[in-house]
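Q: Could you give me a close look at one part of this model, the surroundings of the ligand? I'm new to this, so please explain the terms as you go.

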Amino acid sequence: MTAIKIEDLSFTYPSGTRALCAISLEVEEHSTLALLGSNGAGKSTLMDLLFGWKSSPTITLFGKPLKEYGRKELGRNIALVPQSEHYNFSFTLLDYTLFGRAPYLAEMASPTDKDVHIAYEALDMVGLSLFAQRSVTSLSGGEGQLLLIARAIAQESKVLLLDEPTSALDPANRRKVLDILASLHEQGKTIIFTTHDAQFAYELATHVAMLKGGKLIAFGEKEKVVTSEVLTTLYDTEMTVCTIGEKTIIY
Ligand code: ADP
């Protein structure tokens, strides 16, 4: 089944900047799509549109126009992991992760024991369960990024959107996030992520979409579209895709 369908999507900011131009693509359920492009290519704008933060009549989620989803219904279907978030209050990590359960709770209702269990498991998955009672304000940038991933895992949505999920992470945590996302993919989630790390994209994704100047210049299965030529065009700098045995290295 098609999870997300984008048809002839263009977006212009009120300032007049055309951020996206005639984008059409389909993301199959259970696939993992990497969105690649230089700074200003339109990746964040597309993520915002997919999350419903900007209205678009040309995006459908599981066959239904995105704009017809209520907020809670949307939250059960799609979760967003931003690069970082500003903490206005010193919530504990557990409370912050429990925000992911909001789409399942009635207005003003408290989380149940099941919700708390799910939140603990999500914190455990990213290696933060020992810090569950610590304040979010005490976290490093990398730990904050892991917490946002935990909240999205607790949300148990069918689709996961991640905006540069490894931008603040050291190599060990980058590997951890790669393993977590690979395991969520195995569990059947549909994953869309942006990254500047072409190697990370190749290791994790089943499909790749490349944006340049708001236009889609390549889209398809990674083995078919990720080549030295197209990456060099995408980034305006020499890139090489090299296959050694079973391993593909991009540098
Ligand atoms: P990326 O995420 O690939 O770096 P963006 O989606 O943030 O790209 O930006 C795409 C284009 O839209 C850029 O030219 C950027 O300057 C412009 N843009 C982004 N946000 C805004 C905004 N709030 N108002 C006006 N222009 C914007």
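**Around the ligand**

A: Let's start with helix α1 (residues 43-50), which gives the most to the shell around the ligand: three residues. Helices here are DSSP runs of H or I with at least four residues, strands are E runs of at least two, and both are numbered from the N terminus. Keep in mind that this is a predicted model: local features need pLDDT of at least 70 and side-chain atom pairs count only at pLDDT 80 or more, while totals for chains, interfaces and linings use all residues. Residues are numbered from 1 along each chain as its sequence is written, and side-chain values use heavy atoms, with hydrogens and water left out.

So who sits in that shell? You'll find Tyr13, Ser15, Thr17, Ala19, Ser38, Asn39, Gly40, Ala41, Gly42, Lys43, Ser44 and Thr45 around the ligand. To be in this group, a residue needs a heavy atom within 4 Å of the molecule. Sort them by type and you get eight polar, three nonpolar and one charged. In that sorting, Ala, Val, Leu, Ile, Met, Phe, Trp, Tyr, Cys and Pro count as nonpolar, Asp, Glu, Lys and Arg as charged, and the others, Gly among them, as polar.

Now zoom in on some atoms. Polar contacts with the ligand are pairs of N or O atoms within 3.5 Å. Tyr13 uses its side chain: a polar atom there lies 3.4 Å from a ligand nitrogen. Ala41 joins in with its backbone, where a polar atom is 3.1 Å from an oxygen of the ligand. Gly42 also uses its backbone, with an N or O atom 3.0 Å from a ligand oxygen. How much of the ligand gets covered? On its own the ligand exposes 560 Å², and the protein buries 61% of that. Those areas come from the Shrake-Rupley method with a 1.4 Å probe.

For a look away from the ligand, try helix α5 (residues 141-154). Its 14 residues reach 20 Å from the first C-alpha to the last, close to the 20 Å expected at 1.5 Å a residue; the expected span is 1.5 Å times one less than the number of residues. α5 is mostly covered, with 12 of its 14 residues buried. Buried means under 20% relative accessible area, exposed over 50%, and partly exposed in between (1.4 Å probe, protein chains only). Right after α5 comes Glu156, with a positive phi near 50°. With a relative accessible area of 40%, Glu156 is partly exposed.

How values were computed: A polar contact is a pair of N or O atoms within 3.5 Å; within protein, one must be able to donate a hydrogen and the other to accept it, and residues adjacent in sequence count only if both atoms are side-chain atoms.
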